[in-house]
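Please look over the model shown below, starting with the place where its chains meet and going on to the sheets within the chains.

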Protein chains: 2
Amino acid sequence: MIKIGIYGYGNLARGVEQAIKMNDDMELVAVFTRRDPSTVTIKTEGVEVASTKDVLSYKGKIDVLVICGGSATDLPEQTPALAKDFCVVDSFDTHAKVPTHFANVDAASKANGTTSLISTGWDPGMFSLNRAIMAAVLPNGKDYTFWGKGVSQGHSDALRRIEGVVDARQYTIPVESALERVRSGENPELTTREKHTRECFVVAPNEADHARIEKEIKEMPNYFSDYDTTVHFITLEELKRNHSGIPHGGFVIRSGVTSDECKHVIEYKLKLDSNPEFTGSVLIAYARAVYRLNKRGETGCKTVFDIAPKDLSSVSYEELLAHTL
Amino acid sequence: MIKIGIYGYGNLARGVEQAIKMNDDMELVAVFTRRDPSTVTIKTEGVEVASTKDVLSYKGKIDVLVICGGSATDLPEQTPALAKDFCVVDSFDTHAKVPTHFANVDAASKANGTTSLISTGWDPGMFSLNRAIMAAVLPNGKDYTFWGKGVSQGHSDALRRIEGVVDARQYTIPVESALERVRSGENPELTTREKHTRECFVVAPNEADHARIEKEIKEMPNYFSDYDTTVHFITLEELKRNHSGIPHGGFVIRSGVTSDECKHVIEYKLKLDSNPEFTGSVLIAYARAVYRLNKRGETGCKTVFDIAPKDLSSVSYEELLAHTL
């Protein structure tokens with residue numbers, strides 16, 4: 001059994017906890033929280049909830065620690081610090097800061113003989129893996145990533161910060177006609193506006209605010225101004241009834257040529273009922289790989305690019321050859 | 001530059017030759033043919049065509065030999081024999097005989113310090129890789145593989161063996177409604193007939209033969225009797241004009257759950273204008289990996305399950321981190 005610890009206990013952590021139950025070779029040892037442990041109830045019976053302050057006392061008792069903090073401020077601190085004493089996996093997703101994060105975690109891991117894997121999940125993660133492999137098998141081409149239809153937590157938060165907004169949910173939606181152009185192998189140049197639309201469901205009880213709120217949303221730089229955005233005002237009850245899930249998904253599509261006559265299109269598509277549960281499942285598959293790499297003495301920081309499929313799989317190599325190849 | 005040799009010179013070999021031109025780090029050194037080399041013209045200027053009998057004189061001059069024989073009789077002999085003196089890649093696709101082929105090639109490679117990789121292409125190959133990774137990240141689920149729309153060489157050959165048939169082309173077509181049921185996450189049990197249909201374009205100049213030929217096709221065991229098959233009689237000119245390409249493709253779809261409420265669907269899709277050119281491109285990406293593994297001293301037989309994405313890529317790890325992750 002691979003002994004897993006979960007560091008932090010938000011939505012993603014609950015997804016990781018759920019994923020452990022789906023894997024017979026995995027066992028949850030402890031959940032670490034910044035809150036008072038006595039106030040936190042987890043979904044796995046008989047498993048300890050401990051304070052993050054006490055994590056070091058679990059050194060040697062945990063094979064892989066899955067760090068479930070946020071990318072903005074938590075992970076840049078937590079992952080390098082914890083990589084000194086544990087094999088770790090994280091979902092760091094600030095693409096521009098990956099090289100720095102990698103270097104910090106790699107130094108900590110190499111100095112202490114641990115194995116780390118950063119930036120996994122679905123994007124970065126499954127999508128990155130597919131972008132890399134697609135480009136390798138079809139070098140003369142171009143790839144496109146589309147997200148959605150799904151809930152963007154960051155954009156939903158941005159809506160909630162507007163005065164008069166009680167709650168809100170934002171969906172990122174890929175533009176079907178853009179997807180079709182890419183699938184046709186046309187390799188179009190697409191602007192931000194041409195790739196995705198944004199749909200907002202906003203609870204703002206005072207109707208007099210609606211015009212102003214809609215204007216503020218549509219003009220909000222970075223978040224909405226570069227997109228065709230639609231705004232729907234709904235009641236809190238409607239929001240809870242129809243928009244309480246955290247679905248997401250998306251597409252990586254590469255088209256390329258191997259000769260003048262021959263065009264090829266590769267498409268990888270995800271349709272996820274729950275972003276954190278799927279992300280948690282990916283983290284747990286990579287935790288298995290980290291465990292195996294560490295047993296083989298392969299230390300330092302890794303990413304999805306370093307991991308062979310067999311190390312993700314709970315199935316024996318013989319079975320993979322006989323039934324999956 | 002990675003020095004490539006091509007062993008055999010049929011459709012797949014021409015696809016490999018084309019793929020080498022798309023990769024800046026690859027160089028074709030020689031093509032080996034069982035025919036009289038003076039009768040074989042290849043598409044790369046200044047490259048030698050040699051007899052397969054003389055292949056051993058190229059030992060040390062070729063980094064990876066891509067073996068382009070057929071799976072039925074060529075590869076079971078050729079790959080283990082050539083793996084004694086060369087790092088090799090093949091596209092062995094008789095799924096049931098993979099474990100035996102693997103064992104034979106592994107023994108030859110390990111005894112001689114070479115690195116081999118068998119059974120790559122798209123199925124087995126890209127599809128196998130996806131089946132393995134999908135199952136690892138979504139263990140509680142079921143996967144489905146659909147092929148087409150595309151030309152099946154084996155089924156086209158079967159048509160040509162019927163008396164009165166001058167030429168023929170067979171397309172394997174996935175059933176759209178079955179695809180939709182799988183995509184919905186229903187996890188249906190599907191019979192052979194429910195998954196694919198077969199469409200035949202047959203040139204048989206004597207109209208009096210048509211009824212018999214159609215009956216023979218539809219009742220042919222293994223090839224057609226388990227499928228809904230349609231037969232079109234066309235002229236040789238029509239066949240040449242409309243059916244001279246070798247397109248193919250298909251789908252791997254896995255749906256699974258992470259909890260009672262949450263279902264997820266992963267889909268990998270290929271749409272290929274030329275089956276041999278795409279397969280050749282995959283072989284060449286894996287030839288790169290074989291070259292690198294051998295340089296690192298990792299010998300023996302490998303499959304797609306052993307290869308980390310970074311070893312397929314012509315891009316540096318730093319660039320992958322910065323731009324692909």
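The briefing below treats the interface, the sheets, the salt bridges and some backbone details in turn.

This is a predicted model, in which local features need pLDDT of at least 70 and side-chain atom pairs count only at pLDDT 80 or more, while totals for chains, interfaces and linings use all residues. Residues are numbered from 1 along each chain as its sequence is written, chains are lettered from A and ligands numbered from 1 in the order in which they are written, and side-chain values use heavy atoms, with hydrogens and water left out.

**The interface between the chains**

- Chain B and chain A each bring 63 residues to their contact, where contact means heavy atoms within 4.5 Å.
- Between them the two chains bury about 5,500 Å², with 65% of it on carbon and sulfur atoms; buried area is the accessible area (1.4 Å probe) that two parts lose on being put together, summed over both.
- On the side of chain B, the residues that lose the most area to chain A are B:Phe305, B:Pro309 and B:Leu325, which together make up 15% of what that side buries.
- There are 28 residue pairs in polar contact between chain B and chain A, both residues being at pLDDT 80 or more; a polar contact is a pair of N or O atoms within 3.5 Å, where within protein one must be able to donate a hydrogen and the other to accept it, and residues adjacent in sequence count only if both atoms are side-chain atoms.
- Among the elements of chain B that give two or more residues to the side touching chain A are helix 3 (98–112), helix 4 (126–137) and helix 10 (275–295), with helices (H or I, at least four residues) and strands (E, at least two) taken as DSSP runs numbered from the N terminus.
- Strand 13 of chain B gives the largest share of that side, 10 residues.
- Sorted by class, the side of chain B that touches chain A has 34 nonpolar, 15 polar and 14 charged residues; Ala, Val, Leu, Ile, Met, Phe, Trp, Tyr, Cys and Pro count as nonpolar, Asp, Glu, Lys and Arg as charged, and the others, Gly among them, as polar.
- Strand 13 (residues 263–272) of chain A pairs with strand 13 of chain B in the antiparallel sense over 9 bridges, and two strands count as paired if DSSP finds at least two bridges between them.
- Within this pairing, B:Glu267 is the bridge partner of A:Lys269.

**Sheets within the chains**

- In chain A, 7 strands form an open sheet in the order 3-2-1-4-5-6-14, with parallel pairing, and its edge strands, each pairing on one side only, are strand 3 (48–51) and strand 14 (300–302).
- Strand 1 (residues 2–7) and strand 2 (residues 26–33) of chain A are joined in the parallel sense over 6 bridges, and A:Tyr7 stands opposite A:Phe32 in strand 2 of chain A.
- In chain B, 4 strands form an open sheet of mixed pairing in the order 8-9-10-11, with strand 8 (150–151) and strand 11 (228–233) as the edge strands.
- Strand 8 of chain B runs antiparallel to strand 9 (residues 167–174) of chain B, and 2 bridges join them; B:Gly150 stands opposite B:Thr172 in strand 9 of chain B.

**Salt bridges**

- Over all chains the structure holds 40 salt bridges, a salt bridge being a side-chain nitrogen of Lys or Arg within 4 Å of a carboxyl oxygen of Asp or Glu.
- Chain B and chain A have 2 salt bridges between them, and the side chains of B:Lys310 and A:Asp306 meet in a salt bridge at 2.8 Å, N to O.
- The side chains of A:Lys59 and A:Asp85 also meet in a salt bridge (2.7 Å, N to O), and this pair links distant parts of the chain, 26 residues apart.

**Backbone details**

- The peptide bond between A:Asp123 and A:Pro124 is cis, with omega about 5 degrees, and A:Pro124 is found in the loop between strand 6 and helix 4 (126–137) of chain A.
- A cis peptide bond also runs from B:Asp123 to B:Pro124, with omega near 0 degrees.
- A:Ser119, a residue other than glycine, has a positive phi near 60 degrees, and A:Ser119 lies in the loop between strand 6 and helix 4 of chain A.
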